[in-house]
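Reader: I would like a close look at one part of this model, the ligand site, with a word on one loop residue as well. Please keep to what can be read from the coordinates.

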Amino acid sequence: MLPIPSASGNRGLSPLPPGQREAGRFHRFGLWPYASRFPRHVATPSLDVVGAVERPLQLRDALSGLPRHEIRCDFHCVTTWSVRNLRWGGVRFVDFFEHVVQPQAAPAATSTVVALRGQDGARTGMHLSDLLAPDVLLADTLDGAPLGIDHGAPLRLVAPAHYGYKWAKHLSRIEFLPADTLYRVAGWRFMDHPRARVALEERGRVVPGWLLRYLYRPLINPTAAHFARSHRRYQQR
Ligand SMILES: Nc1nc2c(c(=O)[nH]1)N[C@H]1C(S)=C(S)[C@@H](COP(=O)(O)O)O[C@H]1N2
Ligand SMILES: [Mo]
């Protein structure tokens, strides 16, 4: 298991990024409607690779055969709460891309945007160049244990330099798109910045990041409570 240094820093080493505050716990979180949508397949991290590729893939176990890594990093939700020093395990996206996607699927060279979709139907997208950063993981463990339903089982993206809404949970499909394609997003488009870099406070489109801080903060407690309630109901089924 190879540790990867993270740009986002660990406890005590760096101040929180602009506008962020440390939360007491790692909430289950997201857009309201997704609170009660849960993945159907949790046994293995299966993943479809589609879009501008020569050969679409339906992988039963996306991480198999690839080198495993661990990373310690902070998590920053766009609504301004952060948790520090989480330990994620999985496979680097860049390794998955170079050893599986490129040889098997052969994505078009013009495809520089990747749409990410979860089993719950949540959608976002990232620049391929951001996904290829050395600290981006396809993660299946958190703090040494298998990823739970609350934090994205069976597979989620971990992208330390980007806001939490890019960390697709229950990841089930990645779609290669030409650079100028508008991928579908969960929620309203203004809420999804194409890069969403935490250090630059790219919280959303059009509306400046510092202003979104104040619009989002009142939503944190009710949203976290709603997600926790839905999760409890799911566990009691
Ligand atoms: N599939 C899926 N991925 C998702 C979401 C979601 O609702 N569904 N919410 C996003 C948002 S807005 C945040 S802040 C983080 C929250 O991750 P957590 O629930 O592990 O804290 O997941 C992101 N990834
Ligand atoms: Mo979020």
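Author: What follows describes the ligand site, then a single loop residue.

The model is predicted. Ligand 1 occupies the space that is the largest pocket. Around ligand 1 there are 20 residues. The closest of these are His27, Asp120, His151, Arg156 and Lys169.

Two side chains can be described by their polar atoms. In Asp120, an N or O atom of the side chain is 2.7 Å from a nitrogen atom of ligand 1. In Lys169, a side-chain N or O atom lies 2.6 Å from an oxygen atom of ligand 1. Trp167 takes part through its backbone: one of its backbone N or O atoms is 3.2 Å from a nitrogen atom of ligand 1. As for cover, ligand 1 has 520 Å² of accessible area on its own, and the protein covers 94% of that area.

Now the loop residue. Leu31 belongs to the loop that runs between strand 2 (21-22) and strand 3 (47-51). Is Leu31 buried, partly exposed or exposed? Its relative accessibility is 27%, so Leu31 counts as partly exposed, given that buried means under 20% and exposed over 50%.

Which residues does Leu31 touch, once neighbours within four places in sequence are set aside? Leu31 is in contact with Ala186, Gly187, Met191 and Phe227. A further pair can be given by its C-alpha atoms: Leu31 and Thr124 are 12 Å apart in space and 93 residues apart in sequence.

Note on methods. Residues numbered from 1 in each chain as written. Chains lettered and ligands numbered in written order. Predicted model: local features only at pLDDT ≥ 70, side-chain atom pairs only at ≥ 80, totals over all residues. Heavy atoms only, no water. Helix = DSSP H or I, 4+ residues; strand = E, 2+ residues; numbered from the N terminus. Buried < 20%, exposed > 50% of the residue type's maximum accessible area, 1.4 Å probe, protein only. Contact = heavy atoms within 4.5 Å. Near = heavy atom within 4 Å. Polar contact = N/O pair within 3.5 Å; in protein donor to acceptor, adjacent residues only side chain to side chain. Areas by Shrake-Rupley, 256 points an atom, 1.4 Å probe, with all protein chains shown as cover. 1 Å grid on protein atoms, 1.4 Å probe; cavity = no way out; pocket = protein on both sides within 12 Å on 5 of 7 lines; lining within 4 Å. Sits in = over half its atoms within 2 Å of the grid points.
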